[in-house]
Amino acid sequence: MNFKDLGISESITKVLLKNGISTPTPIQEESINIIKNGCDVIAQAQTGTGKTLAFLLPLFENISIDNNNIQGLILTPTRELAIQITEEAMKLKEGKDINILAAYGGKDIGAQLNKLKRNIHLVIATPGRLIDHIMRGTINLKNLKTVVFDEADEMLFTWDDAELEMLFMGFKNDIETIMKDVPKKSQVLCFSATMDSAVKKLAYRYMNDPSVISIKSKEVTLDNIIQEVVETTDRNKQDSR
């Protein structure tokens, strides 16, 4: 199977080839057509399997340049991930010239506000900065077609441990605030390397009969290696060694 078989346009396929990408990965094969058809998706695949393009490619195909509203929203838990996704989106822009706004903390909000004066089709944001724009009235999601939760396990999960809950609970509250502004008919996509039942349960609150896609990870761990896990926070990493 190739990207043309998945309904990806020739102009975008050329961009992929230019960047050394000729064959879809399993997560891309499984999810692109489903997303293009407007279905909600919960997708699980390990890091490095092409999850970003699995949602970016159908997003680009479904966005109409003639529609001057925000049609796609990608939410990420960190600025670093928002930057990575934006870099991939900017490459695809060569094949389809949609207007992209990256909105995350640490980036000059004035520059973001100036860019918002133009017609934006796709927003890639961290929850806090997006809420800032919503409160300012500078971002309007009423015409949104698709919202993507990348690293959904971090965005939607509430930890039982009290200290960890303080770190992650804010995402859940932020997501609930954002989803109040998202049209109920919007397509919702959840992508993550891990996806337990608690995450799925919360995701289903925002989804309509989602297709569940799970790509099995390759077994790379040797039987004679013993692994141990220590749950901690960034602040306490040194003490946990």
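Two strands count as paired if DSSP finds at least two bridges between them. By that rule, strands β2 and β5 (residues 146-150) pair in the parallel sense, with 4 bridges. Within this pairing, Phe149 of β5 is the bridge partner of Leu75. The model described here is predicted.

**Strand β2 and its partners**

Strand β2 covers residues 72-75. Its two faces are both covered. Gly72 and Ile74 lie on one side, Leu73 and Leu75 lie on the other, and all of these residues are buried. Leu75, the residue bridged to Phe149 in β5, is therefore under 20% in relative accessible area.

Besides β5, strand β2 is joined to β4 by 4 bridges, and β2 and β4 run parallel. Two positions show how β2 and β4 line up. Leu73 has Val123 of β4 as its bridge partner, and Ile74 stands opposite Ile124 in β4.

**Strand β4 and its partners**

Strand β4 spans residues 122-125. Leu122 and Ile124 point one way from the strand, while Val123 and Ala125 point the other way. Each of these residues is buried.

Strand β4 also pairs with β3 (residues 100-103), in the parallel sense and over 4 bridges. Here Ala102 has Ile124 of β4 as its bridge partner. Ile124 thus appears in both pairings of β4 described here: Ile74 of β2 stands opposite Ile124, and Ala102 is a bridge partner of Ile124.

**Cysteines**

How many disulfides does a search of the whole structure find? The search finds 0. Two cysteines can be described by their exposure. Cys39 has a relative accessible area of 33% and so is partly exposed. Cys190 is buried, because its relative accessible area is 1%.

**Salt bridges**

The structure holds 7 salt bridges. Among them are the pairs in the table, with the N to O distance for each.

| Salt bridge | N to O distance |
|---|---|
| Glu10 and Lys14 | 3.6 Å |
| Lys91 and Glu88 | 3.2 Å |
| Arg136 and Asp132 | 3.1 Å |

Glu10 and Lys14 both belong to helix α1 (residues 10-18). They are 4 residues apart, about one turn of the helix. Glu10 and Lys14 are both exposed.

Lys91 and Glu88 lie in helix α4 (residues 79-92). Their spacing is 3 residues, again about one helical turn. Lys91 has a relative accessible area of 36% and is therefore partly exposed. Glu88 counts as partly exposed at 25% relative accessibility.

Why are Arg136 and Asp132 separated by about one helical turn? The two residues are 4 residues apart in helix α6 (residues 127-136), so about one turn of the helix lies between them. Arg136 is partly exposed, because its relative accessible area is 47%. Asp132 is partly exposed too, with 27% relative accessibility.

**Summary**

Strand β2 has parallel partners in β4 and β5, while β4 also pairs with β3. The residues on both faces of β2 are buried, as are those of β4. The salt bridges described here lie within helices, namely Glu10 and Lys14 in α1, Lys91 and Glu88 in α4, and Arg136 and Asp132 in α6.

Notes: Residues numbered from 1 in each chain as written. Predicted model: local features only at pLDDT ≥ 70, side-chain atom pairs only at ≥ 80, totals over all residues. Heavy atoms only, no water. Buried < 20%, exposed > 50% of the residue type's maximum accessible area, 1.4 Å probe, protein only. Disulfide = S-S within 2.5 Å. Salt bridge = Lys/Arg side-chain N within 4 Å of Asp/Glu carboxyl O.
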